[in-house]
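Me: I'm new to this one and would like a close look at a single part. Could you pick one packing contact, walk me through it, and then place it in the rest of the chain?

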Amino acid sequence: SKVFPWEYSVIEHGLSPFTSEPITPCSSLRFGYLGSLIQQKGWQTALEAFKKVHSKYPETELHFFGGGEDIPDSPPSGVYFHGRYSSEDLGKITSQFDIGIIPSTFKETYCYVLSEMQWAGKPVAASNLGALADRVIEGKTGKKFRAGDTEDLSNALLWFLEHNEWREWQIPRPRELGEMIAEYKQLYHELLERQ
């Protein structure tokens, strides 16, 4: 809007709905990471932060879903790498953890993974920058931490283990893909009518 002072419409992304399966029972908390295992997504930061958490709470688990770089052949205790997945697997995947981790080290412009976590009703520990800083509401939908800061992320994860109020949070449902398509369709019709 600074470059082009014209009127514009913002159409929020829509998500293909999926049905979450009931959460698998577990004696402690499980954390989950969805997406590419590349440096910019901060997965190594999540791994290092989790090691500190696991040393204090040995029953905790961290599940990585996605493919990528430098995945250890012998993961640390409590860490599981499940490999690549498709969107059809999201209902099953999200039943395997309680809290999502989104440790991006760059400014996400929207973060589709956050929408997937929210659709599944998962609170998150998320980097405090970009769209994540805007979309995650501290103490209502998640905990924010400084991007790339292992200590700050481990403190956020420990908070979930040592407090229970997050269990009562009302995680908002993101909009569906059909709603987004309908808005685009309406916008195109309006623009064509102006011609």
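Reply: Here's a walk through one pair of helices, then a buried residue and the chain as a whole.

A heads-up first: this is a predicted model, where local features need pLDDT of at least 70, side-chain atom pairs count only at pLDDT 80 or more, and totals for chains, interfaces and linings use all residues. Residues are numbered from 1 along each chain as its sequence is written, and side-chain values use heavy atoms, leaving out hydrogens and water.

Two packed helices are described by the angle between their axes and the distance between the axes. Our pair is helix 1 (residues 43-56) and helix 5 (residues 150-162), whose axes sit 8 Å apart at an angle of about 45°. Axes here are lines fitted to C-alpha atoms, for helices over the stretch in contact, with angles running from 0 to 180 degrees between N-to-C directions. Helices (H or I, at least four residues) and strands (E, at least two) are DSSP runs, numbered from the N terminus.

That angle makes helix 1 and helix 5 oblique to each other; under 35 degrees would be roughly parallel, over 145 roughly antiparallel, 65 to 115 roughly perpendicular, and the rest is oblique. The crossing of helix 1 past helix 5 is right-handed, meaning the near helix is turned clockwise from the far one by less than a right angle.

Who touches whom? Contact means heavy atoms within 4.5 Å. Helix 1 brings Thr45, Ala46, Glu48, Ala49, Phe50, Lys52, Val53 and Lys56, and these meet Thr150, Glu151, Leu153, Ser154, Leu157, Leu158, Leu161 and Glu162 of helix 5. Sorted by type, the residues of this contact are eight nonpolar, three polar and five charged (Ala, Val, Leu, Ile, Met, Phe, Trp, Tyr, Cys and Pro are nonpolar; Asp, Glu, Lys and Arg charged; the others, Gly among them, polar).

Elsewhere, look at Asp98, in the loop between helix 2 (90-93) and strand 4 (99-102). Asp98 counts as buried because its relative accessibility is 16% (buried is under 20%, exposed over 50%, partly exposed in between, with a 1.4 Å probe and protein chains only). A polar atom of the Asp98 side chain lies 2.8 Å from the backbone nitrogen of Arg30. Beyond neighbours within four places in sequence, Asp98 has contacts including Ile23, Lys122 and Trp166.

Stepping back, the protein chain has six helices and six strands. Buried residues make up 44% of its 195 residues.

How values were computed
A polar contact is a pair of N or O atoms within 3.5 Å; within protein, one must be able to donate a hydrogen and the other to accept it, and residues adjacent in sequence count only if both atoms are side-chain atoms.
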